[in-house]
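The following note is offered to a colleague beginning the study of protein structure. Please keep the structure in view while reading the numbered points.

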Amino acid sequence: MHRRKLLLWIGSAALLASCDDSSLKPADDIRQRLVGRWLEEVSADGNQVRSIVTLDQNGQFLELEKVLDASGLIKQETHAGEWSFDGVNFKRKYTSLNGQSLTNAQFGYATYAVKPFEKDVFVGLDNVRKRETRFSRTDATIP
């Protein structure tokens, strides 16, 4: 009887472990697919924003951004920080602007719920700003 309980317990533990591994795999797969360089284009409030976002394997990002405002003025900025993917949301925490470190009170955040992911394109839904943003894999280095 003891042996039967032991085998049942081992089988249950193995089943639970395999469930845990399979539930983590899709998120890990998407995180790996996010590593690289992406073109992000957004139109909002009369501004046209074009960015090249490079996501490193180590969780760091660099963003080169060009903004064309409604008056025709062009502004360029460089942002850097940390990025992550929690299985649903692609998140960026901005820790520097144009080479200057930001303080905790100045950190900026961007969070996108990732919609179905294609090979070289994904769409993120920004639930705060109520807009979708399209990210396309790119080899470009400047926006």
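1. Glu 40 lies in strand 1, which covers residues 36-44. It should be kept in mind that the model is a predicted one.

2. Is Glu 40 buried or exposed? Its relative accessible area is 5%, and the limit for a buried residue is under 20%. Glu 40 therefore counts as buried.

3. The surroundings of Glu 40 deserve attention. Setting aside residues up to four places away in sequence, Glu 40 touches ten residues that the reader may locate in turn: Val 49, Arg 50, Ser 51, Val 53, Glu 63, Arg 92, Tyr 112, Thr 133, Arg 134 and Phe 135. With Arg 92 there is also a polar contact, side chain to side chain, at 3.1 Å.

4. Arg 92 leads to the strand pairing. Strand 5 (residues 89-97) and strand 7 (residues 108-114) run antiparallel and are joined by 6 bridges. Within this pairing, Arg 92 stands opposite Ala 110 of strand 7.

5. Strand 7 also pairs with strand 8 (residues 121-126), again in the antiparallel sense, over 2 bridges. Here Val 114 is placed opposite Gly 124 of strand 8. Strands 7 and 8 form a hairpin, with 6 residues between them.

6. Leu 97 belongs to strand 5. Its relative accessibility is 31%, and partly exposed residues fall between 20% and 50%, so Leu 97 is partly exposed.

7. Which residues does Leu 97 contact, leaving aside neighbours within four places in sequence? They are Glu 77, Thr 78, His 79 and Leu 102. The C-alpha atoms of Leu 97 and Glu 63 are 9.6 Å apart in space, while the two residues are 34 residues apart in sequence.

Methods
Residues numbered from 1 in each chain as written. Predicted model: local features only at pLDDT ≥ 70, side-chain atom pairs only at ≥ 80, totals over all residues. Heavy atoms only, no water. Helix = DSSP H or I, 4+ residues; strand = E, 2+ residues; numbered from the N terminus. Buried < 20%, exposed > 50% of the residue type's maximum accessible area, 1.4 Å probe, protein only. Polar contact = N/O pair within 3.5 Å; in protein donor to acceptor, adjacent residues only side chain to side chain. Contact = heavy atoms within 4.5 Å. Pairing = 2+ DSSP bridges.
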